[in-house]
Amino acid sequence: MFDFEYFAPTRVIFGRSAEERTGALLRELGVSRVLIHYGGGSAVKSGLLGRVTASLDEAGIAHASLGGVVPNPRVSKVREGARLALQFGAELILAVGGGSVIDSSKAIGYAAAEPEHDVWEIYDRKRAPKACLPVACVLTIAAAGSEMSNSSVITNEETGEKRGCRSNLCRPRLAIMNPELTASLPPYQTAAGCTDILMHTLERYFTQGGNMELTDQIAEGLMRTVLKSALILRDDPSNYDARAEVMWASSLSHNDLTGLGADGMDFVSHGMEHELGGMFDVTHGAGLSAVWPAWARYVYKNCLPRFVKFAVNVMDIQPQVSDEATALAGIAALEDFFRSIHMPVTLRELGVEPTEEQILAMAASFAKSSGGKKGTAKVLYEADMAAIYRMAL
Ligand code: NZQ
Ligand code: ZN
């Protein structure tokens, strides 16, 4: 097992009606003025926003609000939010929504804490953030894991670039998670969320190893739970227990727990999806399932013991005539699972058909943003990334 540091400072309040405690919980943090940030309307329509503001009023917390965050959240909205946060004197950004809203809130936190700089510079790796206004969230979709992660992902709509920034400064102080809130999700978003949760675990699992028995068993148990729960939710979207399982899995899949002691994280599929998201504005989880099978078949020989372990321990594959055959059966089984929850397994199924020029542009952009190479299962360079996009067509 390799040495590690684990930092998971988020206070989690999990369960039915949890959002009604928002005001009192923020009071405990000593906060008296907040900017509420939300998305395209689901939180208004469901009445959630009304319940949250009532709870803030009851606790005597002043609030301003800004909605309109879109999936693949835009830097222009972040700049608008930072202006409002500063004008209002917000002491905390309260995200009411999913990964996009939480990420936009984290970025507003960065922008408002260092208003003398343009916030895009930190996503463009021109500088590292030095401060961030505190962030809290009321989560409405189990997917990105932003509620406990150190990451935020923002899209610059002027350049078509989607870029992430990792820093412990932005980890939410408080994550309020009521699984009931996710029952109103469209089935496609539920499935895309489950895919993203699996992928956060897989990105940490496919490494060159480090003899992490406990970490591996946590990761495998998490993946088996999500595989099972996603099928339950496909057939019974209002199943509370399955909603609760995937919501908790969302947080644990991306708060670093499932990769402790490994020799790094792969995150190539994520990098490839970020390019697709920037260029074609696709749904994150669906973009991941569309590239993963091609990535897996491209790299598996380089990481064979882990692919065999995944096939046997997670996908229930009986050992085949060779390790290669077992690994390939495991990849095919996950691909079949994605199909079964109506997730795309190719770019065409995702609804995009990049030209050769676009493939080369995505590969070049990915290589540039990752310093020329990326991956722990297999180190990949620009030409490999282009080859995987072609395989994924
Ligand atoms: O905007 P509204 O109207 O709320 O609709 C949203 C949106 O259209 C809808 N939705 C959310 N909760 C709902 C609901 N509809 C009905 N009922 C509810 N309870 O779902 C749609 C998707 O929401 P979004 O926030 O975009 O989903 P997700 O949580 O998957 O976030 C995706 C973003 O997170 C980034 C992705 O790249 C993408 O930009 N990621 C962030 C990470 C992080 N910060 O750690 C890690 C991830 O790997 C990922 O990259
Ligand atoms: Zn993700």
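These legends go with close-up views of a predicted model.

**Figure 1. The zinc ion and its four donors.** Zooming in on ligand 2, we find a zinc ion held by D196 through OD and by H200, H270 and H284, each through NE2. The coordinating distances run from 2.0 to 2.2 Å. If you want to pick the donors out of the sequence, look for the spacing D-x3-H-x69-H-x13-H. H200 sits in helix 7 and H270 in helix 10, so this pair ties together parts of the chain that lie 70 residues apart in sequence.

**Figure 2. Polar contacts to ligand 1.** Three contacts are worth picking out here. A backbone N or O atom of G40 comes to 2.7 Å from an oxygen atom of ligand 1. On the side-chain front, S184 places an N or O atom 2.8 Å from a nitrogen atom of ligand 1. H270, which also serves as a zinc donor, has a polar side-chain atom 2.8 Å from an oxygen atom of ligand 1. How much of ligand 1 does the protein bury? On its own, ligand 1 exposes 960 Å², and the protein buries 88% of that.

**Figure 3. The shell around ligand 1.** Pulling back a little, you can see who keeps ligand 1 company: 33 residues surround it, the closest being G40, S42, S100, D103 and H200. H200 turns up here as well as among the zinc donors. Sorted by class, the shell has 20 polar, 10 nonpolar and 3 charged residues. Helix 5 (99-113), strand 6 (151-156), helix 7 and helix 10 (268-280) are the elements that give two or more residues to this shell.

**Figure 4. The largest cavity.** The structure holds 1 cavity of 30 Å³ or more, and its volume is about 50 Å³. Which residues line the largest cavity? They are A142, T182, L185, T190, C194, L233, R243 and V246. Helix 7 (187-205) and helix 9 (240-253) are the elements that supply two or more of the lining residues. As for chemistry, the lining comes out as 5 nonpolar, 2 polar and 1 charged. A probe the size of a water molecule, rolled over the atoms, is what shows where empty space is left.

**Figure 5. The second largest pocket.** This pocket has a volume of about 230 Å³. It is lined by 16 residues, and those closest to its centre are F4, E5, D256, G259 and L260. The lining is a mixed bunch, with 6 nonpolar, 5 polar and 5 charged residues.

Note on methods: Residues numbered from 1 in each chain as written. Chains lettered and ligands numbered in written order. Predicted model: local features only at pLDDT ≥ 70, side-chain atom pairs only at ≥ 80, totals over all residues. Heavy atoms only, no water. 1 Å grid on protein atoms, 1.4 Å probe; cavity = no way out; pocket = protein on both sides within 12 Å on 5 of 7 lines; lining within 4 Å. Points joined across faces, edges and corners; volume = space filled by probe spheres on them. Helix = DSSP H or I, 4+ residues; strand = E, 2+ residues; numbered from the N terminus. Nonpolar A, V, L, I, M, F, W, Y, C, P; charged D, E, K, R; others polar. Near = heavy atom within 4 Å. Polar contact = N/O pair within 3.5 Å; in protein donor to acceptor, adjacent residues only side chain to side chain. Areas by Shrake-Rupley, 256 points an atom, 1.4 Å probe, with all protein chains shown as cover. Donors = N, O, S within 2.8 Å, 3.2 Å for Na, K, Ca; no water.
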